[in-house]
Amino acid sequence: MTFLYKANAVRGAEWASFFAERAPDLPFRLWPDIGDPAQVHYLATWVPPDDIAATFPNLKLIFSVGAGVDQFDASKVPAYIPIVRMLEPGITESMLDYVTMAVLALHRDLVEFIAQQREQIWCEIRITPAAKRRVGVMGLGLLGQAVLARLKTFGFPLAGWNRSPRTIGGVTCYSGADALADFLAQTDILICLLPLTGETRGILNADLFERLPRGARLLNVGRGGHLVEADLIAALDHGALSAAVLDVAEPEPLPAGHPFWSHPRVLLTPHNASMTTPETAVEFVLDTIARHRRGEALPGRVDRERGY
């Protein structure tokens, strides 16, 4: 049996070295050097190859190399093959670093100061205490809960919204469509950490922006498909929102001339809020393979009906 890696080749080489060290009896191959396709039992990938069942007739597990799986077309993956999201501490730690940086940048008006610097304007902005800056997180999975725990240390009033109910100490939690308006009404900095599904695509739109307090700020570290881009630009131009930090877009990379490149109230990064750390990713993958062989439940297994 063989483990096949189909993603970033540089990181794949690191995976190969850790596999050689920790699982020398499990052959490891880097795409497109797949060897005998009938021997491929495990696949780690960002986007699966076409005709996956026909190409790899003995495939037993598919791992996403990222925390999300919206880039997968699950209809092309037979139901008998489990799809597993990457659950490893490197993803969480890098996301916490980024969200902390971005929330503080939004809180302390860094987007506005960058715009002023470009125009050679020297103008102070009155500081708002953290205790008066309300932060809300959409999506209360593992990453959302970790983000809220980290942000507690700064003294922000915290709230969270989720499809299903959650209870988190020190956080005012809301759930379901009926509670979304109440959640938004008391959120000054909105963080999107939702999975991208049919229900959440386009959720960051004009109607949602109007339900936030005027001048609120947005951080999208979910997926580009969550955001209706034209609605964000209009909200920024009309003052409904005062700033946005975006780590994701649709498409990626953004085409030349896209308004986000030059908009004075947008800070843009190239989808690198979090990255899989090869060493801990390999630990997670090998542990999951061992669990699968023992017939145990798999952490991170995707619920295909929910889409995550």
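Helices (H or I, at least four residues) and strands (E, at least two) are DSSP runs, numbered from the N terminus. The model is a predicted one, in which local features need pLDDT of at least 70 and side-chain atom pairs count only at pLDDT 80 or more, while totals for chains, interfaces and linings use all residues. Residues are numbered from 1 along each chain as its sequence is written, and side-chain values use heavy atoms, with hydrogens and water left out.

**Exercise 1. Describe the overall build of the protein chain.**

Step 1. The secondary structure amounts to 10 helices and 12 strands. With a radius of gyration of 21 Å, close to the 19 Å that the globule rule gives for 308 residues, the chain is as compact as a globular protein of that length; the radius is taken over C-alpha atoms, and the rule is 2.2 Å times the number of residues to the power 0.38.

Step 2. The C-alpha trace spans about 65 × 40 × 35 Å along its principal axes. Of the 308 residues, 49% count as buried, where buried means under 20% relative accessible area, exposed means over 50%, and partly exposed lies in between (1.4 Å probe, protein chains only).

Step 3. Contact means heavy atoms within 4.5 Å. Among contacts between residues at least 6 apart in sequence, 62% join residues at least 24 apart.

**Exercise 2. Find the two residues with positive phi, Asp-109 and His-271, and place each in the chain.**

Step 1. As background, most residues other than glycine have a negative phi, and most peptide bonds are trans.

Step 2. Asp-109 has a phi near 65° and sits in the loop between H3 and helix H4 (110–118). Its relative accessible area is 11%, so Asp-109 is buried.

Step 3. His-271 has a positive phi of about 55° and belongs to the loop between strand S12 (266–268) and helix H10 (278–294). With a relative accessible area of 26%, His-271 is partly exposed.

**Exercise 3. Locate the cis peptide bonds that lead into Pro-251 and Pro-253.**

Step 1. The bond from Glu-250 to Pro-251 is cis, with omega near 5°, and the bond from Glu-252 to Pro-253 is cis as well, with omega near -5°.

Step 2. Pro-251 is placed in the loop between strand S11 (241–246) and helix H9 (259–262), and Pro-253 likewise lies in the loop between S11 and H9.

**Exercise 4. Work out the surroundings of Glu-229, and state whether this residue is buried or exposed.**

Step 1. Glu-229 is part of helix H8 (residues 229–238). Glu-229 is buried yet has no salt bridge, and the nearest side chain of opposite charge, Arg-201, is 9.5 Å away. For such charges, Lys and Arg count as positive and Asp and Glu as negative, whereas His and the chain ends are not counted.

Step 2. Not counting residues up to four places away in sequence, Glu-229 touches Glu-250, Leu-254, His-258 and Phe-260. Glu-250 is also the residue from which the cis bond to Pro-251 starts.

**Exercise 5. Trace the salt bridges of Arg-265 and Arg-134, and state which parts of the chain they connect.**

Step 1. A salt bridge is a side-chain nitrogen of Lys or Arg within 4 Å of a carboxyl oxygen of Asp or Glu, and the structure holds 13 of them.

Step 2. Arg-265 pairs with Glu-112 at 3.1 Å, N to O. Because Arg-265 lies in the loop between H9 and S12 and Glu-112 in helix H4, the pair ties together parts that are 153 residues apart in sequence. Arg-265 counts as partly exposed at 30% relative accessibility, and Glu-112 is partly exposed at 24%.

Step 3. Arg-134 meets Asp-188 at 3.0 Å, N to O. This pair links distant parts of the chain, 54 residues apart, with Arg-134 in the loop between H4 and S6 and Asp-188 in the loop between helix H6 (180–185) and S9. Arg-134 is partly exposed, with a relative accessible area of 29%, whereas Asp-188 is buried at 14%.

Step 4. Salt bridges that share partners also join Glu-21, Arg-22, Glu-279 and Glu-283 into one network.
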